[in-house]
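Visitor: I should like a close look at the salt bridges of this model. Please describe the residues that form them, and then place them in the setting of the chain.

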Amino acid sequence: MLHAFADAGGHRAIVHSRGDAACPVPKRLYESMGFTAYTRTHVYVGRPTG
């Protein structure tokens, strides 16, 4: 799929996956394919007030 994407003129793909210390396999997989980390998303959870 990535080859077809590049052949069609694509130059940047964004992957949203886990890759934190508790789940390192996705990070290693995508890095082995040439992806590099761009940013991390942090999710905060709390109780609703009111």
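Guide: A residue is called buried under 20% relative accessible area, exposed over 50%, and partly exposed in between, with a 1.4 Å probe and protein chains only. The model is predicted, so local features need pLDDT of at least 70 and side-chain atom pairs count only at pLDDT 80 or more, while totals for chains, interfaces and linings use all residues. Residues are numbered from 1 along each chain as its sequence is written, and side-chain values use heavy atoms, with hydrogens and water left out.

A salt bridge is taken as a side-chain nitrogen of Lys or Arg within 4 Å of a carboxyl oxygen of Asp or Glu. By that criterion, the whole structure yields 2 salt bridges.

One of them joins the side chains of Arg18 and Asp20, at 2.9 Å from N to O. Asp20 has a relative accessible area of 25% and is therefore partly exposed. Arg18 is also counted as partly exposed, at 46% relative accessibility.

Another salt bridge links Lys27 with Glu31, where the N to O distance is 2.8 Å. These two residues belong to helix α2, which covers residues 25–32, and they are 4 residues apart, about one turn of the helix. Helices here are DSSP runs of H or I with at least four residues, strands are runs of E with at least two, and both are numbered from the N terminus. Lys27 is partly exposed at 38% relative accessible area, and Glu31 is partly exposed at 39%.

Turning to aromatic contacts, rings of Phe, Tyr and Trp (its six-membered ring) pair if their centres lie within 6.5 Å; planes under 30 degrees apart count as stacked, over 60 as edge-to-face and the rest as tilted. The structure contains 1 aromatic pair. Its members are Tyr30 and Phe35, whose ring centres are 5.6 Å apart and whose planes meet at 85°, so the pair is edge-to-face. Tyr30 is partly exposed, with 26% relative accessible area.

As for the wider setting, the chain has 2 helices and 0 strands. Its C-alpha trace spans about 55 × 25 × 15 Å along the principal axes. The radius of gyration, taken over C-alpha atoms, is 16 Å, whereas a compact globule of 50 residues would have a value near 10 Å; the globule rule is 2.2 Å times the number of residues to the power 0.38. Of the 50 residues in the chain, 4% are buried.
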